[in-house]
Amino acid sequence: MSRLAAENVVTGYGKQEIVHGVSLSAEAGQITCIFGPNGCGKSTLLKAIAGALPVWGGSARLDDTVLSNLPVHEVVRQGLVLMPQGGGVFPRLTVMENLRMGGYAIADKRLVESRIEALIEQYPSLARRRRTAAGALSGGEQAMLSLARALVSEPRFILLDEPSAGLSPAMVIETLERITTLTEQGIGILMVEQNIREAMPIADRLYILAAGEKRFEGSPGDVRDDRQIMDIYMGGA
Ligand SMILES: Nc1ncnc2c1ncn2[C@@H]1O[C@H](COP(=O)(O)OP(=O)(O)OP(=O)(O)O)[C@@H](O)[C@H]1O
């Protein structure tokens, strides 16, 4: 079983250190959630693990491979993709063009096309709108497109930054259900979520960050009640 681990990761922007030495791990076939108040460094940590930001100290590794400071395409080749906040679809590109972007690190373009064909069958609303510009899709369809695009490289782990943000309540449920289905295929999910109420029931393991530090680590069953989470959010432990 694959394991993604961050060990004492330190990172930030410019001279500003945002994440002050956070360790966490995520297992294949499980959903690991990172919660925490706005601005505490969740997205920054996710980006550092995915190679989108330099790691100043510590490391991220996927099994025995150190990912820290590898170029993003190499991180993707190692089996890890980041779905950024807002999905990161290219609004002017069509559905098919966006999906092809998911295979940019794969040299064999015929392989990319055959993977896309297999994937798109599982997303009927995308299959019907192959030549539609992604910007014309609904928020829910864009969320599905970014998830499908992440799958083109057949990752072992997907890092999701607030996949439910901006979605209608029904789409939040559908998106989280899709994510749960991915774990049944053995994919590991490391996910930042604001929507604790919806995400907690599907989480196998959770971490809470505050002010760039880890404040809680455990299973959802270890959380006594909402009050405990609020206390951690407010800076206690
Ligand atoms: N590109 C950037 N340049 C400089 N500072 C940044 C940048 N992106 C984020 N920050 C700052 O880093 C801190 C952590 O931001 P981050 O987005 O990681 O928090 P977060 O926990 O994901 O919050 P949210 O839930 O609001 O997305 C914030 O103070 C933010 O202003």
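Which residues point one way from S3, and which point the other way? In this predicted model, Ile-31, Cys-33 and Phe-35 face one way from the strand, while Thr-32 and Ile-34 face the other way. Residues on both sides are buried. Strand S3, which spans residues 31–35, is thus a good place to begin a tour of the structure: five of its five residues are buried, and the strand is mostly covered.

The partners of S3 come next. Four bridges join S3 to strand S8 (residues 188–192), and these two strands run parallel. Within S8, Ile-189 is the bridge partner of Ile-31. Strand S9 (residues 205–210) is also joined to S3 by four bridges, again in a parallel arrangement. Here Thr-32 has Arg-205 of S9 as its bridge partner.

Attention can now turn to the nonpolar core. In soluble globular proteins, nonpolar side chains tend to be buried together. The largest nonpolar core of this model contains 63 residues, and those touching the most other members are Leu-80, Phe-157, Ile-158 and Leu-159. Helix H6 (residues 139–151) supplies the largest share of this core, with seven residues. Leu-159 makes a helpful example of how distant parts of the sequence meet: when its neighbours within four places in sequence are set aside, Leu-159 is in contact with Leu-46, Ile-49, Ala-50, Leu-80, Leu-82, Met-83 and Leu-190.

The ligand has its own set of surrounding residues. These are Tyr-13, Ile-18, Gly-36, Asn-38, Gly-39, Cys-40, Gly-41, Lys-42, Ser-43, Thr-44 and Gln-194. By character, the shell divides into three nonpolar residues, seven polar residues and one charged residue. Helix H1 (residues 42–49) gives the most to this shell, contributing three residues.

Two backbone details complete the picture. Most residues other than glycine have a negative phi. Asn-8, however, has a positive phi, near 50°, and is not a glycine. This residue lies in strand S1, which covers residues 3–13. Asp-63 likewise has a positive phi, of about 50°, without being a glycine. Its place is in the loop between strand S4 (57–62) and strand S5 (65–66).

How buried or exposed is Asn-8? There are 13 other C-beta atoms within 10 Å of Asn-8, so this residue counts as partly exposed. For Asp-63, the count within 10 Å is 13 other C-beta atoms, and therefore Asp-63 is partly exposed. The reasoning rests on the cut-offs: a residue is exposed with 12 or fewer such atoms and buried with 20 or more, and partly exposed in between.

Note on methods. Residues are numbered from 1 along each chain as its sequence is written. This is a predicted model: local features need pLDDT of at least 70, side-chain atom pairs count only at pLDDT 80 or more; totals for chains, interfaces and linings use all residues. Two strands pair if DSSP finds at least two bridges between them. A residue is near a molecule or strand if its C-beta atom, placed from the backbone, lies within 6 Å of it. Ala, Val, Leu, Ile, Met, Phe, Trp, Tyr, Cys and Pro count as nonpolar, Asp, Glu, Lys and Arg as charged, and the others, Gly among them, as polar. A nonpolar core is a set of buried Ala, Val, Leu, Ile, Met, Phe, Trp, Tyr and Cys residues joined through C-beta atoms within 7 Å. Two residues are in contact if their C-beta atoms, placed from the backbone, lie within 7 Å.
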